Amino acid sequence: MTSLEAHGLIVDVPGRASGRPLDLRMAPGERWGVLGPNGAGKTTLLHTLAGLRVPRGGEVHLEGRALSRWRRREVARRLGVVFQERHDEFPASVLETALIGRHPYLSPWQREGETDIARAREALRHLELEHLEDRLVSSLSGGERQRVSLATVLTQAPCWWLVDEPTNHLDLHHQVATMALLEQQARQGCGVVMCLHDLNLAARWCSHLLLLYPDGEACWGAARDMLVPEALERLYNQALTTVDVDGAPVFVPVR
Ligand SMILES: Nc1ncnc2c1ncn2[C@@H]1O[C@H](COP(=O)(O)OP(=O)(O)OP(=O)(O)O)[C@@H](O)[C@H]1O
């Protein structure tokens with residue numbers, strides 16, 4: 001059982017009231033979208049779920065056990081994180097960077113083997129990066145770097161994907177390809193939690209949504225129950241108009 005659960009979780013957003021504690025269970029196969037305006041705490045929540053930030057209250061449970069009781073290495077085999085901010089000025093090639101995804105499986109001074117390299121190359125192929133494997137990551141475009149981050153987590157093969165704005169910097173084709181990759185991972189039994197700014201990507205690709213309001217209030221549930229125009233307008237403090245495209249809602253901001 002590889003569920004990821006929040007038990008009375010209060011994310012520690014500096015200077016903000018605690019708001020509503022999060023009590024939710026995310027199951028394998030589910031794709032959770034975290035929505036909210038700038039500064040609502042989406043990234044802070046993602047980092048808390050990854051065990052990289054201590055919550056103000058409550059606990060995160062992985063496979064039924066508090067995350068704080070796991071060894072980091074074991075967590076790293078199960079949780080893969082795609083960060084919004086990257087500091088990859090360290091001179092590493094695309095292939096070397098993807099291979100970082102194998103580190104949780106290797107002992108400290110063990111070199112990557114042929115199987116690890118084959119996995120990394122397969123991930124680079126999946127992200128359409130195979131022609132760039134020898135390039136320094138620091139020389140890549142923003143969208144290419146984003147795809148290297150996704151390829152690194154694909155190489156890691158975690159049970160849970162925690163992704164901060166998966167489509168950051170990506171063109172339309174790669175946005176759809178990335179959401180399809182996350183959907184495929186979920187179909188294969190992974191869980192996905194992703195912070196999103198694009199309501200329409202959330203409506204199209206998420207099975208569940210968690211709405212985070214700036215005052216710490218929150219609500220969550222099946223995506224079809226959460227995509228209520230009035231709730232979304234309040235979330236973003238922005239009037240929306242809704243149109244139907246192929247039976248799915250598309251939200252357009254009103255000028
Ligand atoms: N180390 C810190 N010190 C002070 N304030 C912080 C710190 N980390 C985060 N914050 C504040 O906490 C709030 C939540 O930040 P967070 O990055 O989680 O928001 P977000 O919902 O992901 O925003 P965005 O949509 O802009 O990415 C912000 O107001 C941010 O300025």
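**Figure 1. D246 sits in an exposed turn of this predicted model.** D246 has 6 C-beta neighbours inside 10 Å, so it counts as exposed. The residue belongs to the loop between β11 (240-245) and β12 (248-253). Its phi is near 50°. That value is positive, and D246 is not a glycine. Most residues other than glycine have a negative phi.

**Figure 2. β11 and β12 form a hairpin.** Two residues lie between the two strands. D246, with its positive phi of about 50°, is in the turn. The strands run antiparallel and are joined by six bridges. Within this pairing, T241 stands opposite V252 of β12. How many of the six residues of β12 are buried? The count is zero, and β12 is hardly covered.

**Figure 3. Four strands make an open sheet.** Their order is β2-β1-β4-β5, and they pair in the antiparallel sense. The edges are β2 (22-26) and β5 (65-66). Each edge strand has a single partner, so one side of each is left without a neighbour in the sheet. In general, strands of a sheet pair through backbone hydrogen bonds.

**Figure 4. β4 meets β5 at one end of the open sheet order.** Strand β4 covers residues 57-62. Two bridges link β4 to β5, again antiparallel. H61 stands opposite A66, a residue of β5.

**Figure 5. Helix α5 is mostly covered.** The helix runs over residues 142-156. At 1.5 Å a residue, its 15 residues should span 21 Å. The end C-alpha atoms are 21 Å apart, which agrees. Eleven of the 15 residues are buried. These are Q146, R147, V148, S149, L150, A151, T152, V153, L154, T155 and Q156. What covers them? The cover includes three helices, α3 (94-99), α4 (114-126) and α6 (172-187). It also includes the strands β6 (79-82) and β7 (160-164). A157 follows the helix, and its phi is positive, near 50°.

**Figure 6. V81 is buried in strand β6.** There are 22 other C-beta atoms within 10 Å of V81, so the residue is buried. Setting aside residues up to four places away in sequence, V81 touches A50 and L162. P158 gives a further point of reference. V81 and P158 are 77 residues apart in sequence. Their C-alpha atoms are 9.2 Å apart in space.

**Figure 7. W161 is buried in strand β7.** It has 24 C-beta neighbours inside 10 Å, so it counts as buried. Which residues does W161 contact, leaving aside its neighbours within four places in sequence? They are G80, V153, L182, Q185, C190 and V192. Of these, V153 is one of the buried residues of α5. E128 stands 33 residues from W161 in sequence. In space, the C-alpha atoms of W161 and E128 are 20 Å apart.

**Figure 8. E165 lies in the loop between β7 and α6.** Its phi is positive, about 55°, although E165 is not a glycine. Is E165 buried, exposed or partly exposed? With 19 C-beta neighbours inside 10 Å, it counts as partly exposed. The cut-off for a buried residue is 20 or more.

**Figure 9. Ten residues are listed around the ligand.** They are V13, P14, G36, N38, G39, A40, G41, K42, T43 and T44. By class, six of the shell residues are polar. Three are nonpolar, and one is charged.

**Figure 10. The whole protein gives the setting for the close-ups.** The protein has nine helices and twelve strands. Its radius of gyration is 18 Å, close to the 18 Å that the globule rule gives for 255 residues, so the protein is as compact as a globular protein of that length. Along the principal axes, the C-alpha atoms fill a box of roughly 55 × 40 × 35 Å. Buried residues make up 37% of the 255 residues. Take the contacts between residues at least 6 apart in sequence: 68% join residues at least 24 apart.

Technical notes: Residues are numbered from 1 along each chain as its sequence is written. This is a predicted model: local features need pLDDT of at least 70, side-chain atom pairs count only at pLDDT 80 or more; totals for chains, interfaces and linings use all residues. A residue is near a molecule or strand if its C-beta atom, placed from the backbone, lies within 6 Å of it. Ala, Val, Leu, Ile, Met, Phe, Trp, Tyr, Cys and Pro count as nonpolar, Asp, Glu, Lys and Arg as charged, and the others, Gly among them, as polar. The radius of gyration is taken over C-alpha atoms; the globule rule is 2.2 Å times the number of residues to the power 0.38. A residue is buried if 20 or more other C-beta atoms lie within 10 Å of its own, exposed if 12 or fewer, and partly exposed in between; C-beta atoms are placed from the backbone. Two residues are in contact if their C-beta atoms, placed from the backbone, lie within 7 Å. The expected span of a helix is 1.5 Å times one less than its number of residues. Two strands pair if DSSP finds at least two bridges between them.
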